[in-house]
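User: Please take a close look at the inside of this model. Walk me through what is closed off there, in one connected answer.

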Amino acid sequence: MGKVTVVAAAVCTAAVCAAAALVVRHHMRSSGRWAKAMAILKEVEEKCGTPIGKLRQVADAMTVEMHAGLASEGGSKLKMIISYVDNLPTGDEKGLFYALDLGGTNFRVVRVQLGGKEKGVIKQEFEEVSIPPHLMVGSSDALFDFIADALKKFVDTEGEDFHVSPGRQRELGFTFSFPVRQTSIASGTLIKWTKGFSIEDTVGQEVVGELTKAIERVGLDMRVSALVNDTIGTLAGGRYENSNVIAAVILGTGTNAAYVERAHAIPKWHGLLPKSGEMVINMEWGNFRSSHLPLTEYDQALDVESLNPGEQIFEKMISGMYLGEILRRVLLRMAEEAAFFGDTVPPKLKVPFILRTPDMSAIHHDTSSDLRVVGSKLKDILEISNTSLKTRKVIVKLCDIISFRGARLAAAGILGVLKKLGKDTVREGEKQTSVIALDGGLYEHYTKFRNAMESALTELLAEASETIVIQHSNDGSGIGAALLAASHSQYLEVEDS
C-alpha cells in the first residue's frame, strides 16, 4: 500500500512540475513575444523620428526643389506647373458663375451669385452626381455627354435669385483633378487618367475642348473660362475670403500645394509677363522626395507594391490614402514575427488597404478607459477579438507615431514654401500676416494630425509664427473654380473700360 501511495505521489508531483513548466514556458514565450513586439514598436518610433533639425533639412530640400522646378521643365521631382492663373479673386466680382468639379467617381456642379465687395456671395447652390462605372472606362464622348447633360439639367433649375446679365453667356470654372499639361487659363491636354478612370481616347486631348463640344451637343450656351485643379480652387476660395492668402495646401486622400509666385521669379516662363506681376504655381508636391525624409521599410514596401512605384513618395508618407495602410503593415509584421494577435496571423490583416485612415483616426481618438473603440474596430474590420488593454495601447501608440510623422512632414513642406517666398522670418518693421488656406478630409477630420501639424509649424517658425495664419478653407474647390471663372471672365475688359 505504501509503495502505491509513493508512486502516485511521485506521478502527481511530476504532473504538477510538468504543468508548472508549461506555464513557465508559456509565460516565457509570451513575454518573449511581447519583448519582440516592443522591439518592433521601438524601431518604428526611431525610424519615423522627425526631430526639428530633420524637419528643417526637409524644408530646405523642398525650397531647393521648388527653385529647380521653376528653372526648367523636368528639372525637379516637383513639376511646378504654371497654372496661367494670374488674377486671383479680389472680392469685387459680380454676377452669376458656374463651376464643375470633376475629381473622382462623383462630380459636383455649383452656381454662385456674386454681389461684389458689399454683398459677397449672395447665394450658392450645388448638386453632386455619381458617374456610372461603365462611363469611367468607356469613350470620351460618353463621359462628357453625361456630364454636360447633368450640367444642363442643373442650369434648367436656376431660380429667380440667380440671373445672368442680359446678352451675356454663362461662364464656368472647370476643376479637373487629373494630370494635365496646361496651355492657357482655359485649355490643357490630359496626360493620363488616375483614380479608376481609363478612357484611352481622352488622353492627349484638350479637355476643355471635349467638355465644350459636349456642352454644345446638349444645346447649352456656356463658356469654360478657367481650367484649374482643386488646390488652385482652394487658393482662389481662400483669397476671396482673405486678401492675405498666399498659398493653399490640400491634405486629404492625396496632398498638394499651390502658391502665388512673382512672375519674374519663374525662369521657365517665356511668355509676356502678366499685368498683375504674379502667377499661381501648382507644385504637385506629393511627388517631392529627399534623402532627408525618414523612410522606413514599411514605406519602401508600400511604394514597391503600389500602382506608381517611385512616384508620389511625399504623398505616400503624409496623406489619407496611405496612413492606415502603413499602420496595417506594421501590425502585420508584429503578428507574423511576435504573434501579436495570438498564434495565427489574422487573415484580414493581410489585405492591403483594409485599414482606412478614418478608422485609424477613430482608434487614435479613443478616450474610453478600456479603449473599447480600438477593440470594436479590430473586431469589425480585421476580425480580431479579445484583445487585451495593453495590446490596444500599443496600437494607439503606433497611430501616434505614424500620424505624428506625417503631420510634421506636412509642416516642413509648408515651411519650404514660406522660405521660397521669404516669409519664414520676420523682417524689421514688417507685421503683415500671411495666410495659408488648408482643405481636405485628413486636415479637417483627423484632429490629432491637424494639431501636430500646426504645433510643428509654430515650432519651426519660432518668432515668425505670429505672422503666419492657417485658415481652414472649407470646400474651397467647389466655389473656387466659379470665382476663377469670374476673375478671368471674358467681360472683365468691358467692365474695366
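**Buried residues and closed spaces**

Analyst: Cysteine 48 counts as buried, because its relative accessibility is 6%, under the 20% limit. Keep in mind that this is a predicted model. Cysteine 399 is buried too, at a relative accessible area of 0%.

How many disulfides are there? The count is zero. Cysteine 48 takes part in none, and the nearest cysteine sulfur, in cysteine 399, lies 12 Å away. A disulfide needs two sulfurs within 2.5 Å. The sulfur of cysteine 399 has its closest cysteine sulfur in cysteine 48, and 12 Å is too far, so no bond forms between them.

Next, the empty space. A probe the size of a water molecule, rolled over the atoms, shows where such space is left. Here there are two cavities of 30 Å³ or more.

Start with the largest cavity. Its volume is about 100 Å³. Which residues line the largest cavity? They are Gly422, Lys423, Thr425, Val426, Arg427, Glu430, Lys431, Gln432, Ser434, Thr467 and Ile468. The lining is mixed: two residues are nonpolar, five polar and four charged. Val426 and Ile468 make up the nonpolar part. Lys423, Arg427, Glu430 and Lys431 are the charged ones. Gly422, Thr425, Gln432, Ser434 and Thr467 count as polar.

Now the second largest cavity. Its volume is about 30 Å³. Its lining is made of Ala247, Ala248, Val249, Ala257, Ala258, Tyr259, Ile414, Val417 and Ile436. Three elements each give two or more residues to this lining: β9 (245-251), β10 (255-262) and α12 (389-420). By their numbers, Ala247, Ala248 and Val249 fall in β9. Ala257, Ala258 and Tyr259 fall in β10. Ile414 and Val417 fall in α12. The lining holds nine nonpolar residues, no polar and no charged. The lining of the largest cavity, by contrast, includes four charged residues.

One more covered place is strand β8, residues 222-228. Six of its seven residues are buried, which leaves the strand mostly covered. What does β8 pair with? Its partner here is strand β5, residues 170-176. The two run in the parallel sense and share six bridges. Within the pair, glutamate 171 stands opposite arginine 223 of β8. In a regular strand, side chains alternate between the two faces of the sheet.

How values were computed
Residues numbered from 1 in each chain as written. Predicted model: local features only at pLDDT ≥ 70, side-chain atom pairs only at ≥ 80, totals over all residues. Heavy atoms only, no water. Buried < 20%, exposed > 50% of the residue type's maximum accessible area, 1.4 Å probe, protein only. 1 Å grid on protein atoms, 1.4 Å probe; cavity = no way out; pocket = protein on both sides within 12 Å on 5 of 7 lines; lining within 4 Å. Points joined across faces, edges and corners; volume = space filled by probe spheres on them. Helix = DSSP H or I, 4+ residues; strand = E, 2+ residues; numbered from the N terminus. Pairing = 2+ DSSP bridges.
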